[in-house]
Amino acid sequence: MLKYLLPLILFIVMAIFLAIGLGLKPNEIPSPLLNKPAPAFAAPKLQAPNEKLAAADLKGQVWLFNVWASWCVSCREEHPVLNQLARQQAVVIIGLNYKDDPAAAKNWLDTLGNPYNVSIMDQDGRIGLDWGVYGVPETFVMDKKGIVRYKHTGPVMPDDVQTIFLPLIAQLQAEAP
Amino acid sequence: MKPGILMLLLLLSPFAAQAIDSRQFANPEQQEAYETLTSELRCLVCQNQTIADSNAELAADLRRQVQEMLEQGKSREEIVQFMTDRYGDFVLYKPPFKLKTGLLWLGPIVFLLLGLVAVFFVIRQRQPRSQQGFGIPTLPGDKEVAAVTENGQAEKLAKIRRLLDEGDVS
């Protein structure tokens, strides 16, 4: 009996592990920034390069930090979703224009719409490095105290907005500053 | 292109790939630290390459960061800490021993022990009953023959003896 049962059990155990493995997303690396203060930055604005925006300026509000670039293919997929979210005015959306050509980036916003309250420039990728950015697009959600509460890797899809972003934003808006 | 030339070029390609961008340091210790660090940090875009091996832009940024920090006189530990603060343990090819990575580190040892236990039981099962626990198997002596006979195996043994004897004759 054991002679047949043992291989069967081994097979089932292996099958379970492999099935779990199939569902894993090795491209999504958990961010060590979660529940830590947002990394500081002070960078020129894309559409007003003489002005700077600092992370500290955003204290007291819930804000989204979306890493994007005009060369990024999945950003194009994500863009209408961000436009839609911006129209709801539920949250401040800051863009990090990552390793991009400013002219191409401005052109992108002019043609596809601008969901960002402000976009800042990170031409050499240093701000991205501080935020642990390894692929574009990435989206972070900060609470009123400036703590990173959520990170989304890859394009934000309409489903993600409904099931993750809007409930989280509502919860964070309700928190005391 | 002629196949010969193509083949030659393919054979040469590893040399082209070796030095992605070699950096020069004034201080040989820094050079060494740079080379070990970049070969221990994972490129997060192309997950199976170190940042020393990768052509990805992110890898280039991380190499630049390592170089700058070394030139500022930062220690190895400080640089590794800087990277894990931003990218997590995943950036390290050699993850630290933690509760979360315990299975990763101990898994192979556990499987080795399981294998040894299995081998032990298999060997024990294959040994004749009378010799269990006595190590080296020997040919059955009179004592064993007597024991086996009691178990009703006499006929078989007699047949074996006969066959062996016949073999000697021919």
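## Chain B, its contact with chain A, and selected residues of chain A

Of the 170 residues in chain B of this predicted model, 13% are buried, where buried stands for 20 or more other C-beta atoms within 10 Å of a residue's own, exposed for 12 or fewer and partly exposed for what lies in between, with C-beta atoms placed from the backbone. Because the model is predicted, local features need pLDDT of at least 70 and side-chain atom pairs count only at pLDDT 80 or more, while totals for chains, interfaces and linings use all residues. Residues are numbered from 1 along each chain as its sequence is written, and chains are lettered from A and ligands numbered from 1 in the order in which they are written.

The model scores ipTM 0.82 and pTM 0.73. For chain B the mean pLDDT (the predictor's confidence in each residue, from 0 to 100) is 80, and 78% of the residues of chain B reach 70 or more. Within chain B, confidence is highest in α4(B), at 93, and lowest in helix α6 (residues 142-150), at a mean of 57. Where pLDDT is low, the predicted coordinates should not be read in detail.

Chain B has seven helices and zero strands, helices (H or I, at least four residues) and strands (E, at least two) being DSSP runs numbered from the N terminus. Among the contacts in chain B with a separation of 6 or more, 36% are between residues 24 or more positions apart; two residues are in contact if their C-beta atoms, placed from the backbone, lie within 7 Å.

One pair of helices in chain B can be described in more detail. Helix α2 (residues 28-40) of chain B packs with α3(B) at an angle of about 150°, their axes 10 Å apart; axes are lines fitted to C-alpha atoms, for helices over the stretch in contact, and angles run from 0 to 180 degrees between N-to-C directions. α2(B) and α3(B) are therefore roughly antiparallel to each other, a term for angles over 145 degrees, as against under 35 for roughly parallel, 65 to 115 for roughly perpendicular and the rest for oblique. On the side of α2(B), the residues that meet α3(B) are Q30(B), A33(B), Y34(B), L37(B) and T38(B), and their partners in α3(B) are R63(B), V66(B), Q67(B) and L70(B). By class, this contact has five nonpolar, three polar and one charged residues, with Ala, Val, Leu, Ile, Met, Phe, Trp, Tyr, Cys and Pro counted as nonpolar, Asp, Glu, Lys and Arg as charged, and the others, Gly among them, as polar.

The contact between the chains takes twelve residues from chain A and 13 residues from chain B. On the side of chain B that touches chain A, α3 (57-71) and α4 (76-87) of chain B each supply at least two residues.

In chain A, L172(A) is found in helix α5 (residues 158-174) and touches V62(A), D143(A), K144(A) and R149(A), not counting residues up to four places away in sequence. Two other residues of chain A have a positive phi without being glycine, as set out below.

| Residue | Phi | Loop in chain A | Other C-beta atoms within 10 Å |
|---|---|---|---|
| Q89(A) | near 50° | between α2 (73-87) and β4 (92-98) | 9, exposed |
| K99(A) | near 45° | between β4 and α3 (102-112) | 20, buried |

A cis peptide bond, with omega about -5°, joins V136(A) and P137(A). Most residues other than glycine have a negative phi, and most peptide bonds are trans.
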